[in-house]
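Subject: A structure for you to explore

Hi there,

Here is the structure I promised to pass on to you. Have a look at it first, and then read my notes underneath.

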Amino acid sequence: GTTIPDVDSVYALMHPEDVEFVRDSARRSIEDGVPYFIDYRVIWPDDSVHYITSRAAIILDDQGKPQRAIGVCMDVTERKQAETARIENDRRLGLAMAAGEIGVWERTLPDNQIIWDDRVCEIFGFDAGSPPRTHTDVQARIHPEDLPKVKSFIALRPDEGEQVSIDYRVVWLDGSVHDIAARAVLVSDDD
């Protein structure tokens with residue numbers, strides 16, 4: 001290992017925006033005699049920014065006073081970059097779904113459980129956040145002339161990865177009729 005002359009030399013390696021947070025976390029840990037677990041950024045000599053996860057425990061003397069901290073640091077830059085990319089992708093997907101007025105549903109085949117997002121609830125005329133409780137609730141919204149083909153669609157067992165689709169109508173409680181285009185792809189839990 002390397003001996004660092006003082007704690008300020010460690011702070012000098014940190015991203016300036018994170019120094020105060022790390023100082024406060026270390027101070028609280030020492031004052032309270034409890035471990036800490038924090039993430040912060042460091043700047044390498046090539047000016048690249050890297051993310052560090054640091055965990056430390058405070059060693060107390062016989063009188064309960066802090067004597068030293070022992071810890072580990074891990075470079076978690078790749079994990080943070082992947083997390084940031086996922087958040088950005090989720091944001092962009094949400095924008096695309098909102099612009100296209102698209103909702104997402106999922107049906108588990110073994111138990112026939114259906115999971116709807118708020119937009120699918122709205123498409124069917126249910127209050128957002130209040131999905132139907134039973135298949136009977138859903139079927140009651142399907143236009144009577146379209147119900148037989150929807151039941152056939154539900155009974156389909158396509159090959160994995162195969163896309164299936166159906167267009168049908170739903171009738172809201174106010175009597176208005178709305179056209180729906182449903183698309184589905186069978187995926188396994190391994191995906």
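Below is what I found, beginning with a sheet and ending with a single leucine.

One thing to keep in mind is that this is a predicted model.

**The sheet and its helices**

Try finding the open sheet of 3 strands, which has the order S1-S2-S3 and antiparallel pairing. Its edge strands are S1 (36-43) and S3 (66-75), and each of these pairs on one side only. On average, neighbouring strands in this sheet are turned by 30° against each other, direction ignored.

How many bridges join S2 to S3? There are 9, and strand S2 covers residues 49-60. To see one of the pairs up close, pick Arg55: its bridge partner in S3 is Val72.

Next, look for two helices that lie across S1, S2 and S3. One is helix H2 (residues 19-32), which runs at about 150° to S1. The other is helix H3 (residues 77-99), and H3 runs at about 120° to S2.

**A closer look at Leu109**

Leu109 sits in the loop between strand S4 (105-108) and strand S5 (113-116). Why does Leu109 count as partly exposed? Its relative accessibility is 29%, and the partly exposed class lies between buried, under 20%, and exposed, over 50%.

Apart from neighbours within four places in sequence, Leu109 is in contact with Arg157 and Leu186. You can also check Ile154, which is 45 residues from Leu109 along the chain, with 9.9 Å between their C-alpha atoms.

Enjoy exploring, and write back with any questions!

Best wishes

Conventions:
Residues are numbered from 1 along each chain as its sequence is written. This is a predicted model: local features need pLDDT of at least 70, side-chain atom pairs count only at pLDDT 80 or more; totals for chains, interfaces and linings use all residues. Side-chain values use heavy atoms; hydrogens and water are left out. Two strands pair if DSSP finds at least two bridges between them. Helices (H or I, at least four residues) and strands (E, at least two) are DSSP runs, numbered from the N terminus. Axes are lines fitted to C-alpha atoms, for helices over the stretch in contact, and angles run from 0 to 180 degrees between N-to-C directions. Contact means heavy atoms within 4.5 Å. Buried means under 20% relative accessible area, exposed over 50%, partly exposed in between (1.4 Å probe, protein chains only).
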